[in-house]
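Reader: I am new to this structure and would like a close look at a single part of it, namely the salt bridges and the places around them. Please set that part in its surroundings as you go.

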Amino acid sequence: MLLFTKLKIADSWGVGLYGRTRHTLFENCYMHDNGVDGLKYTTLDGARSQTNNSFNHHSRVVGGRYNNNGKRIIGDGIDACDGARNLVIDSIEASKNNGNGITIK
């Protein structure tokens, strides 16, 4: 079990989840002022593989703030552009980021 409460000023992501993670929970975290994204979901191989083994499954982000990210390049509060399945995001604040509050594609 990992416990994060406040992550600030990382050169890239506050937290990066690569493929093959399961059942993660981020609850009431404050991820801000990071170089790129506050919270990043990504596959192991740059989204090339679409198998069930290359994704973050059943992750939840509940409460918390994901603000002022993207200090180095465009960054989002939460970026799930190529690596999350069954992702639940509930009751968060994602504002004043250099990119989007939340990106899912």
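Author: From the N terminus on, the elements of the protein chain run β-β-β-β-β-β-β-β-β-β, which amounts to 0 helices and 10 strands; here helices (H or I, at least four residues) and strands (E, at least two) are DSSP runs, numbered from the N terminus. This is a predicted model, in which local features need pLDDT of at least 70 and side-chain atom pairs count only at pLDDT 80 or more, while totals for chains, interfaces and linings use all residues. Residues are numbered from 1 along each chain as its sequence is written, and side-chain values use heavy atoms, with hydrogens and water left out.

A salt bridge is here a side-chain nitrogen of Lys or Arg within 4 Å of a carboxyl oxygen of Asp or Glu, and by this rule the count comes to 3 salt bridges. One of them joins the side chains of Asp-33 and Lys-71, at 3.5 Å from N to O. This pair links distant parts of the chain, 38 residues apart, with Asp-33 in the loop between β3 and β4 (39-41) and Lys-71 in the loop between β6 (60-67) and β7 (78-80). Lys-71 is exposed, because its relative accessible area is 54%; the scale used is that buried means under 20% relative accessible area, exposed over 50%, and partly exposed in between (1.4 Å probe, protein chains only).

Asp-37, Lys-40 and Asp-79 are linked in a network of salt bridges. Within this network, Asp-37 forms a salt bridge with Lys-40, the closest N and O atoms being 3.9 Å apart, and the side chains of Lys-40 and Asp-79 meet at 2.9 Å, N to O, in another. Lys-40 lies in strand β4 and Asp-79 in strand β7, so this second pair ties together parts that are 39 residues apart in sequence. Asp-37 counts as buried because its relative accessible area is 3%, and Lys-40 counts as buried because its relative accessibility is 10%. Asp-79 is buried, as Lys-40 is.

The strands β4 and β7 also appear in the largest nonpolar core, since they are among the elements that give two or more residues to it, along with β2, β3 and β6. A nonpolar core is a set of buried Ala, Val, Leu, Ile, Met, Phe, Trp, Tyr and Cys residues joined through side-chain atoms within 4.5 Å. This core has 11 residues, namely Val-15, Leu-17, Phe-26, Cys-29, Met-31, Leu-39, Tyr-41, Val-61, Tyr-66, Ile-78 and Ala-80, and its largest share, 3 residues, comes from β3. In soluble globular proteins, nonpolar side chains tend to be buried together.

Two of these core residues, Leu-17 and Tyr-41, are also touched by Thr-24, which further touches His-58, Ser-59 and Arg-60, not counting residues up to four places away in sequence; contact means heavy atoms within 4.5 Å. Thr-24 is found in the loop between β2 (15-17) and β3 (25-32), and Thr-24 counts as buried because its relative accessibility is 18%. The side chain of Thr-24 makes a polar contact with the side chain of Ser-59 at 2.5 Å, where a polar contact is a pair of N or O atoms within 3.5 Å; within protein, one must be able to donate a hydrogen and the other to accept it, and residues adjacent in sequence count only if both atoms are side-chain atoms.

Tyr-66, another member of the core, is touched by Ser-95, as are Asn-67 and Asn-68, again not counting residues up to four places away in sequence. Ser-95 has its place in the loop between β9 and β10, and Ser-95 counts as partly exposed because its relative accessibility is 26%. Lys-96 lies in that loop too, between β9 (88-90) and β10 (102-104), and has a positive phi of about 60 degrees although it is not a glycine. Most residues other than glycine have a negative phi.

For the chain as a whole, buried residues make up 43% of the 105 residues. Among contacts between residues at least 6 apart in sequence, 76% join residues at least 24 apart.
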